[in-house]
Amino acid sequence: MSSRHGLRDNRAELVAASVSGQIAPVRIHTEVLPVDREGRWRVLPASGGIALGVHAGDPVHALEGDHLMAGVSIEDSGNQPAVAGPLHLLSCVGNRVRNGRGEPIGIVAGKRGGLAPGFWAPQLVGVEVPDRLSEALTPEERIVVETLGRGLQLLDWPDIALSNLSPKGLDLLPLHPADSLTCDVAAIVPPETAGPGVGQDAWIGDLEITSERCLAGATDGLRYGDLVAFADTDSRSGRFFSPGRTSIGIVSHGPALAPGHGIGITIFLTGPTERLVPRIGEGSLGPALRSWAKNLED
Amino acid sequence: MATSTLHTNADRLVRTRLKAQILPAAANRVAGPDGVLQILAGQGGVVTGIPLGSPAGDWLGDHVEPGASLGHPDASANMAIRLLSCAGNPVTVLDGPASGARGMVYGKHGAVLASFAQEALARLAPGEWVAVDACGVGLSVPAISDLVCHSCSPELLGRISSLEDRVLAVKVAAILPAIAAAAGIGMPAAMFNMDMNTSAPPIAELAAHLRFGDLVAVLDQDHRTARTYRKGWAMVGVVSHGHTVGGGHGFGLMTLLTAPTDRFRFEVDAEANVSRALPLAGEERI
């Protein structure tokens, strides 16, 4: 089978597994001192819960949030909030999410976490949900993710690794295959700007942008769902500085107060620099994820 | 250049006795970039045979912490140990076969790390208790008001630095560029440590000679609150844990000092090591 772009992939072999979890409660994590870049004590809506009226495609700087994810934040239930369980590990962008009554409510749009999985919470999955549905949801409510995507490969591009991406998510990506695989993005950032998420597993959470320095494009106008490339970064199994490799992912959460934190990128693609080429252009999944979530029976 | 005695606020610092427990050892399940899975000795426990001053990259472990790793089963008491312990603070074993043995805090990872003479380490085990006489939180140098100290006892600061025309002269074993900074960015600088990109060039070469306890400077790093990149700032830290298998991890550097770069004058000295600055009784020099 092949993607919308005509890229042959192994989607026919993937396992679809329904995994249950819960809408994450809002938590304040006291292990992190709530101090901003000027040393001021500041607390803003941050981790978990339901961000009412915040959607894929909205600008991340529009609201006073701290690591804010659009829509509904979900997590594994029955685990400590620091632990990324099957829901977190198997969820991929583009997976459908349903409530406890079996009614579809939204589409997985990103992940947050990975600072130190196992002892540092949270490990969240973000879900794009239309307003008419999110108004009826409450934290700790049971949800089910129809997971599919772990193991997805591009058969003719074996040196480009995919992660956190469902076949439908792959179809949404603005990819242009030629001698190299070009992907439209909104910004390309240097490896020194990679912060929390470095050194953690590719399938957990995100990699944060800790400064405004860009190699191309800009981060100040980023929107939930935009695509961003990290130069010289390997994300095949862990995320780390690696000259000659490029990683591309999706804006999953907004800016952060604490020094060394910033906009979160959940990584989709990683490959050799000459094979995977980010290009500044219409690099966003935001509008598509938002309109798809409004037509969940598709 | 006028060199003056380093004047600090040490006479105003509180000395607090903390009780800490030696933590269990971890066996880390790690996959290298080649995909080969291994189980290696990890963080925690009592690590013998690797005194401070030993090469940090020579051991087949993952995040190995020489000496004893300290914590507390009560979360709040553990937070106090993590935040108040400072490099150079004395540690005394309270129970078990090594009762009475004296050691010293030298670094931090998830736990607080203490070095002991090898003969004491040989009799220590996880679960035994120690006392840490913690002192150093709040340390400042009035002549350099934008210098921030973390996890640094006044005794250590006095041994590793001097004041030259309102600039802090510090001997370090290496001066590394900002791309050295890896896992630990964004975490509180007063706790834990920052791994270095010691598995990738150029840091792999620049850091290859480093030893446990070495003092290292990293440029364009601001470690006043949470660790972050900031052009024109620098940090000085102590190599606290060793080689790691996964990318984005490497030798762990506990933050000691941070300030605008022009407040420092770094001199590269291969002997710049906490065990040289504050030798333990009974321990061989590096």
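Biologist: Which strands of chain A each supply at least two residues of the lining of the second largest cavity?
Modeller: Keep in mind that we're looking at a predicted model. The residues lining this cavity include A:Ala109, A:Gly126, A:Val127 and A:Val251. Match such positions to the strands, and the ones that each give at least two residues are β5 (104–112), β6 (124–128) and β18 (245–253).

Biologist: And which strand has the largest share of that lining?
Modeller: Have a look at A:Gly126, A:Val127 and A:Glu128, which are among the lining residues. The largest share is three residues, and the strand they come from is β6(A).

Biologist: What is the volume of the second largest cavity?
Modeller: Let's start with what surrounds the space: by class, its lining has seven nonpolar, four polar and one charged residues. Among the lining residues are A:Met69, A:Tyr224 and A:Ser252. The volume enclosed there comes to about 90 Å³.

Biologist: How many cavities of 30 Å³ or more are there?
Modeller: Here's the general idea: rolling a probe the size of a water molecule over the atoms shows where empty space is left. With 30 Å³ as the cut-off, the number of cavities is five.

Biologist: What volume does the largest cavity have?
Modeller: Its lining is made up of 15 residues, and those nearest its centre are A:Pro191, A:Ala194, A:Val198, B:Ala181 and B:Ile185. Sorted by class, that lining has 11 nonpolar, three polar and one charged residues. As for the space itself, the largest cavity has a volume of about 110 Å³.

Biologist: Now for the two chains together: how much area do chain A and chain B bury between them?
Modeller: Chain A brings 24 residues to the contact and chain B brings 23 residues. Carbon and sulfur atoms account for 69% of the buried area. The total buried between the chains is about 1,800 Å².

Biologist: How many residue pairs are in polar contact across that interface?
Modeller: Salt bridges don't help here, as the count between chain A and chain B is zero. Polar contacts do turn up, counting pairs with both residues at pLDDT 80 or more. The number of such residue pairs is four.

Biologist: Which element gives the most to the side of chain A that touches chain B?
Modeller: Two strands of chain A each supply at least two residues to that side, namely β12 (196–199) and β17 (240–241). The side as a whole divides into 13 nonpolar, six polar and five charged residues. With three residues, the element that gives the most is β12(A).

Biologist: How far apart in sequence are the parts tied together by the salt bridge of A:Asp156 and A:Arg8?
Modeller: Side chains of opposite charge can pair when their charged atoms come close. The side chains of A:Asp156 and A:Arg8 meet at 2.8 Å, N to O. A:Asp156 sits in the loop between β7 (142–147) and β8 (161–162) of chain A, while A:Arg8 belongs to the segment before β1 (17–23), so the pair joins parts whose separation is 148 residues.

Biologist: Is the peptide bond from B:Pro201 to B:Pro202 cis or trans?
Modeller: B:Pro202 is in the loop between β15 (194–195) and α4 (203–206) of chain B. Check the omega angle of the bond from B:Pro201 to B:Pro202: with a value near 0°, the bond is cis.

Biologist: What about the bond from A:Ala121 to A:Pro122, cis or trans?
Modeller: A:Pro122 has its place in the loop between β5 and β6 of chain A. Omega for the bond from A:Ala121 is near 0°, and the peptide bond is cis.

Terms used. Residues are numbered from 1 along each chain as its sequence is written. Chains are lettered from A and ligands numbered from 1 in the order in which they are written. This is a predicted model: local features need pLDDT of at least 70, side-chain atom pairs count only at pLDDT 80 or more; totals for chains, interfaces and linings use all residues. Side-chain values use heavy atoms; hydrogens and water are left out. Contact means heavy atoms within 4.5 Å. Buried area is the accessible area (1.4 Å probe) that two parts lose on being put together, summed over both. A salt bridge is a side-chain nitrogen of Lys or Arg within 4 Å of a carboxyl oxygen of Asp or Glu. A polar contact is a pair of N or O atoms within 3.5 Å; within protein, one must be able to donate a hydrogen and the other to accept it, and residues adjacent in sequence count only if both atoms are side-chain atoms. Helices (H or I, at least four residues) and strands (E, at least two) are DSSP runs, numbered from the N terminus. Ala, Val, Leu, Ile, Met, Phe, Trp, Tyr, Cys and Pro count as nonpolar, Asp, Glu, Lys and Arg as charged, and the others, Gly among them, as polar. On a 1 Å grid over the protein atoms alone, a cavity is a set of points where a 1.4 Å probe fits but cannot get out, and a pocket is an open set with protein on both sides within 12 Å along at least five of seven lines; lining residues have an atom within 4 Å of a point. Grid points are joined across faces, edges and corners, and a volume is the space filled by probe spheres set on the points.
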